[in-house]
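Me: I have a model open on my screen and would like to talk through a few of its details. Could you help me read it?

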Amino acid sequence: MKDASVTEPPKKELSPAEVQDVLLQDLRHHLASIRKSVSSGDSRILARVLRQTSVIRKKIWPQTLVRLVESAFPTDYANKPMLIQALKLLPTAGDVTMQEAAAPEAEAAKTLLPESEAFVHLLVLMVLLDRQLYAEAVSVSNALIQRIHA
C-alpha cells in the first residue's frame, strides 16, 4: 500500500505543440509497427495500430500530418506533393511553433511498404473528410488506388 502522506508529483501539462510532437513520434512508431507486422506476418500488430486511428483522429493537426508525410515518404514518392498540397489547404491550428523532432533518417530511406502508404493516406483522408474537403479526399483516395494497382 502507498503511504497517504507521500504525494506524487503533479503531471506536467503539455502544450498543444508538445502534444503534436508526441503524436508525431507515436505515428512514426505506428509506421515501424506496420513494418514489423508485415515482416513477421502477425496481423494482430496491424490491428492494434488501426485501433488507434480514432484517438489520432481527435488529436491530429494538419501540420503534424505534413511533417509525417515529409519524413515518412521518400522525396521521389509520386503522391507526396499532392498529399502535402491537400493538407496545406486546411486551416492551421494557430501560430503554435512545433519543435522539429529528430526523424530517423533510415525510416525515409527504407522501401515504403504499401501498408504504410495506405495508413498515411488513411490519416490524410480522415482529416480531409472531417474538414469537409470532399473533392480533395476523392483525389487522395483515387491516387492511393492507382498507386496500389500499379
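Me: Which residues does Glu117 touch, not counting residues up to four places away in sequence?

Reply: Happy to help, and please keep in mind that this is a predicted model. Glu117 is found in helix H7. Leaving out residues up to four places away in sequence, Glu117 touches Phe73, Tyr77, Leu112, Leu144 and Arg147.

Me: Is Glu117 buried or exposed?

Reply: A residue counts as buried when its relative accessible area is under 20%. The value for Glu117 is 6%, so Glu117 is buried.

Me: Which side chains are joined to the side chain of Glu117 by a polar contact?

Reply: One polar contact, of 2.8 Å, joins the side chains of Glu117 and Tyr77. Another, of 3.0 Å, links the Glu117 side chain to that of Arg147. The names you want are therefore Tyr77 and Arg147, with Glu117 itself buried.

Me: How are H4 and H7 oriented relative to each other?

Reply: Two packed helices are described by the angle between their axes and the distance between the axes. For helix H4 (residues 62-72) and helix H7 (residues 114-130), the axes come within 11 Å and cross at roughly 160 degrees. Angles over 145 degrees count as roughly antiparallel. H4 and H7 are therefore roughly antiparallel to each other.

Me: What classes of residue make up the contact of H4 with H7?

Reply: H4 passes H7 in a left-handed crossing. H4 contributes Pro62, Leu65, Leu68 and Val69, while H7 brings Val120, Leu123, Val124 and Val127. By class, the contact has no polar and no charged residues, and eight nonpolar.

Terms used
Residues are numbered from 1 along each chain as its sequence is written. This is a predicted model: local features need pLDDT of at least 70, side-chain atom pairs count only at pLDDT 80 or more; totals for chains, interfaces and linings use all residues. Side-chain values use heavy atoms; hydrogens and water are left out. Axes are lines fitted to C-alpha atoms, for helices over the stretch in contact, and angles run from 0 to 180 degrees between N-to-C directions. Helices (H or I, at least four residues) and strands (E, at least two) are DSSP runs, numbered from the N terminus. Angles under 35 degrees count as roughly parallel, over 145 as roughly antiparallel, 65 to 115 as roughly perpendicular and the rest as oblique. A crossing is left-handed if the near helix is turned anticlockwise from the far one by less than a right angle, and right-handed if clockwise. Contact means heavy atoms within 4.5 Å. Ala, Val, Leu, Ile, Met, Phe, Trp, Tyr, Cys and Pro count as nonpolar, Asp, Glu, Lys and Arg as charged, and the others, Gly among them, as polar. Buried means under 20% relative accessible area, exposed over 50%, partly exposed in between (1.4 Å probe, protein chains only). A polar contact is a pair of N or O atoms within 3.5 Å; within protein, one must be able to donate a hydrogen and the other to accept it, and residues adjacent in sequence count only if both atoms are side-chain atoms.
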